[in-house]
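This note sets out comments on how the chains of the model meet. Please read it alongside the sequence and the coordinates.

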2 protein chains.
Amino acid sequence: MPTSITRIVIPVYRDFDILDVSGPFAMFNTVRDTAGISPVLATDQPGLVTCLQGIEFNVALALPALAFSDAIWVPGGFGQGYFDQFSSSGPLVNWLKTEGPNAGYVCSVCTGALLLAAGGLLAGYTATTHWQFQQALGMFPGVRLASGYPRYWIDRNRITGGGVSSGLDASLATIAVLSNSTNAMYAQLLNQYAPRPPFDAGTPVTAPPEILGSFLRIFGPGTTQVEKVVAAFLQNQGAG
Amino acid sequence: MPTSITRIVIPVYRDFDILDVSGPFAMFNTVRDTAGISPVLATDQPGLVTCLQGIEFNVALALPALAFSDAIWVPGGFGQGYFDQFSSSGPLVNWLKTEGPNAGYVCSVCTGALLLAAGGLLAGYTATTHWQFQQALGMFPGVRLASGYPRYWIDRNRITGGGVSSGLDASLATIAVLSNSTNAMYAQLLNQYAPRPPFDAGTPVTAPPEILGSFLRIFGPGTTQVEKVVAAFLQNQGAG
């Protein structure tokens, strides 16, 4: 049995990605008893929070003050609810600015990395994000991008995951860091995480060109929008 | 643009596994516009439904009558809320008995396969489930177990996934079956599903013996409990 509890605070907001939260939450929760790892959802205004996919989560906990033993896991998102987090009054970024430095580990998956960066938590660190948003992450001063499309990157107490499903690999690595590899392998076995996708289209270098092309036609404007949002955030910050 | 909508009904119940639902929901939702695949959650009594990991989902839709074009995706679970589904008055199993035969495709992940079997939907089919519960699935008359620990198994219009995270691979295969591989690869790329777990402990044959041993010590009684529940269900059915 664990001798102490490591609470992993997962802040959610409108338009968070459901898999960014649920995959890691499942992995962490698996070792709640064996490793003392305790994931909790929290949000600015407790109540129903609608994810990007339209499902409503009932979240009871307000974003808490953090003790040193806590870890933060920031999920990515997309759409207006995500973009709004970068406004000057965005409560999540302000919480990250205030509480992030008190957290034992600061983690993200997917576009959650851009929120960490907006909270000033990635300056001087190497990090990764969803393959499509690496350029946007690189706009933040002092953030070094990990090369390629890693599933996660660990730089001291910062653990950042790649896009969406990367959260499964990143959360297992995080369990190993927070406790040990025995607990991480236990979580992997329970969740039968021996992945074998029926296709090999998970990154822009392995996806067939026509798949990547159709993705960029549909999602290209989204990327531009994220870069505009980040540029506006940085400009406001410079002016502030 | 798709010419028709394929609604995938995902019935949830107390103690469903969050990753069994969220991973496939994310994959399906990704191709909502391109493939006309529309995942929806439904439940016996609409309102808050608490998953195995303790998170509350707000589910508005009651278990619907199914048109032929619909598919069913039954998630697994564990704990009392899952066991209760096998009682003679379990609304989900009764819904599966009535509506399952009207569904175009009948799918599951993890211990959801046992619910399909209880609904009489796997007799005469080859199927799979979480590695730990294959024996329990094999107790249902007429169900043939796929050998090994496949991520999913397709037998005519039945698609059954292995344990928990298998739902990611199974849902991509399901997208390919319901529409085409182009849409499946699009979902894979968007969700950056190029998995690379930091350990190789995802099945009982690859996990180190000490990990498997500790799993069986903790989870062994759970397996026994599922087998008891299935035995009682089959006995009641025989008596009915």
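The points below concern the contact between the chains and the symmetry that relates them.

1. Status of the model. The structure is a predicted model, and the remarks that follow should be read accordingly.

2. Extent of the contact. Chain A contributes 54 residues to the contact, and chain B contributes 54 residues. On the side of chain A that touches chain B, at least two residues each come from α1 (18–30), β4 (56–59), α7 (166–178), α8 (181–190) and α9 (209–239) of chain A. The element that gives the most to this side is α8(A), with eight residues.

3. Composition. On the side of chain A that touches chain B, 31 residues are nonpolar, 19 are polar and four are charged.

4. Strand pairing across the contact. β4(A) pairs with strand β4 (residues 56–59) of chain B; the pairing is antiparallel and runs over three bridges. Within it, A:Glu56 has B:Asn58 of β4(B) as its bridge partner.

5. Symmetry. A turn of 180 degrees with a shift of 0.0 Å along the axis lays chain A on chain B, with an RMSD of 0.0 Å. The two copies are therefore related as by a two-fold rotation axis. Which residue of chain A comes closest to the rotation axis? That residue is A:Phe57, whose C-alpha lies at 2.4 Å from the axis.

6. Surfaces used. Of the interface residues of chain A, 100% are also interface residues in chain B, so the copies meet through the same surface.

Key. Residues numbered from 1 in each chain as written. Chains lettered and ligands numbered in written order. Predicted model: local features only at pLDDT ≥ 70, side-chain atom pairs only at ≥ 80, totals over all residues. Contact = placed C-beta atoms within 7 Å. Helix = DSSP H or I, 4+ residues; strand = E, 2+ residues; numbered from the N terminus. Nonpolar A, V, L, I, M, F, W, Y, C, P; charged D, E, K, R; others polar. Pairing = 2+ DSSP bridges. Least-squares fit on C-alpha atoms with pLDDT ≥ 70 in both.
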